[in-house]
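Me: I'd like to go through a structure and ask how each label is earned. Could you set the values against the cut-offs for me?

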Amino acid sequence: MIRPHRRHPLFLAFLLHRTSGILLALFLPVHFWVLSLALTDAAAFDGFIRFTDLAVVKLAEGLLIFLLAVHIFGGLRLMALEWLPWTAMQKQLAAGAIALSCFVSATFFLQVI
Amino acid sequence: MNEPVKTRRVSIWRGEGETGQFETYDVPAYDNQTVLDVVSHIQHYIDPSLSYRFACRVGMCGSCAMMVNGEPRWTCRTHVNKVAGQDVLEIAPLRNLPVIKDLATNMDPFFDKWVKAEAVHHSSASRDEEMMVVLPDDAERKKADAGIECINCAVCYAACDTVAGNADYLGPAALQRAWTLYNDARDAGKQTILEAVSGAGGCHNCHAQGGCSHYCPNELNPMQAIAGLKQATTRAMLKGKL
């Protein structure tokens, strides 16, 4: 449960940014391990590629793209907050980053499904 | 004065130092009742041993801030009906500060950090010199103006999770004051300020969670001030001055 003093838009944006970063950091070693199979065990790699044809895996890929996009766009918002002239629309920018991430991940999902 | 039509159950933190517990009281409920009115009623009519802090009752002195239903608020300007609805009203001492007793916190760490951040005036002229003219539409003056209405209530300090996680972090109020003085043409300590706010507990610890700006009762924006300090310290570092 999120404590009351944390229930405001920019804290939730912070939470999403950090959570997506942690999940991406957990994903990357698995990602590199699978890529390494292409060099070390072609049969296992082909098996994994067939596994990715499952609809549930494609959905997971869509979620992964969302995590990537929300981390990128959220990070760009923070960099703009800290290094560009101040804009008062931080809540709108955070919401825009999430909306853009939903658009990117949904577009990806519709292309691969 | 409206006649009380019902009572409200209020849960108040009681205890000394790090030990304590919530205790409940039934308080008459009025229209236009503030949280400070509720606390005062308990102390006046139910339990005179209740400790809390207030002074002006009109949102100027910054001494009555408490955690109200888990959120930091200035209690003299917080209407009970706007924060509690029909639910139990829970009042606790401010987060991130040591509790002295009940609702009264020790504000020393908060004010010590103002000094540590060099958020104090560094005079650039003596009383014998002409007073410096600061034009209202000057760009620096406008930046200083943005944070000048801080009443030192520590609501931002209590809202900040970076303070909660890092006891050395100077906090939003001290950093905002440092930024105000950094933009004050009369202040001669700009380099001193930048050195003070760029250290281990300085402005670069801020995670831009925005709790300070969200909860500031005077609608100031410490997050913007901290972003300004981040830019100023980085520029100074690139120029070899830090």
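What follows is a run of questions and replies on the labels used for this model.

Me: What makes you cautious about local features here?

Reply: This is a predicted model, where local features need pLDDT of at least 70 and side-chain atom pairs count only at pLDDT 80 or more, while totals for chains, interfaces and linings use all residues. Residues are numbered from 1 along each chain as its sequence is written, and chains are lettered from A, ligands numbered from 1, in the order in which they are written.

Me: How do you know what confidence the predictor has in chain B and in the complex?

Reply: pLDDT is the predictor's confidence in each residue, from 0 to 100. Chain B averages 95, and 98% of the residues score at least 70. For the complex, the predictor gives an ipTM of 0.89 and a pTM of 0.93.

Me: Why is B:D102 called buried or exposed, whichever it is?

Reply: A residue is buried if 20 or more other C-beta atoms lie within 10 Å of its own, exposed if 12 or fewer, and partly exposed in between, with C-beta atoms placed from the backbone. B:D102 has 24 other C-beta atoms within 10 Å, so it is buried. B:D102 sits in the loop between β6 (99-101) and β7 (104-105) of chain B, and its phi is near 50 degrees, a positive value in a residue other than glycine.

Me: And what about B:E118, buried or exposed?

Reply: B:E118 is buried, because 24 other C-beta atoms lie within 10 Å. B:E118 belongs to the loop between α3 (108-116) and α4 (139-146) of chain B, and has a positive phi near 60 degrees though it is a residue other than glycine.

Me: Which label does B:D108 get, buried or exposed?

Reply: B:D108 has 10 C-beta neighbours inside 10 Å, so it counts as exposed. B:D108 is in helix α3 of chain B. From B:D108 to B:P98 the distance is 9.0 Å, C-alpha to C-alpha, with the two ten residues apart in sequence.

Me: What makes a run of residues a helix or a strand, and how many of each does chain B have?

Reply: Helices (H or I, at least four residues) and strands (E, at least two) are DSSP runs, numbered from the N terminus. Chain B has ten helices and seven strands.

Me: How do you know that β3(B) pairs with β4(B)?

Reply: Two strands pair if DSSP finds at least two bridges between them. Four bridges join β3(B) to β4(B), and the two run antiparallel. They form a hairpin with two residues between them, and B:N69 in the turn has a positive phi of about 50 degrees. B:V68 stands opposite B:E71 in β4(B).

Me: Which strand is joined to β3(B) by two bridges?

Reply: That is β5 (residues 89-92) of chain B, also antiparallel to β3(B). There B:V68 stands opposite B:I91. As for facing, B:A65 and B:M67 point one way from β3(B), B:M66 and B:V68 the other way, and all are buried.

Me: How do you know where the domains of chain B touch?

Reply: Domain bounds come from an automatic or database domain assignment, here domain 1 (6-105) and domain 2 (108-238). Two residues are in contact if their C-beta atoms, placed from the backbone, lie within 7 Å. The contact takes 15 residues from domain 1 of chain B and 15 residues from domain 2 of chain B. On the domain 1 side, β3 (65-68) and β4 (71-74) of chain B give two or more residues, and β4(B) gives the most, four residues.

Me: What makes the largest nonpolar core a core, and why is it placed between the domains?

Reply: A nonpolar core is a set of buried Ala, Val, Leu, Ile, Met, Phe, Trp, Tyr and Cys residues joined through C-beta atoms within 7 Å. The largest one has 75 residues, and B:I91 and B:V155 are among those with the most contacts inside it. Helix α7 (residues 172-182) of chain B gives the most, seven residues. Both domains of chain B give residues to this core, so it lies between them.
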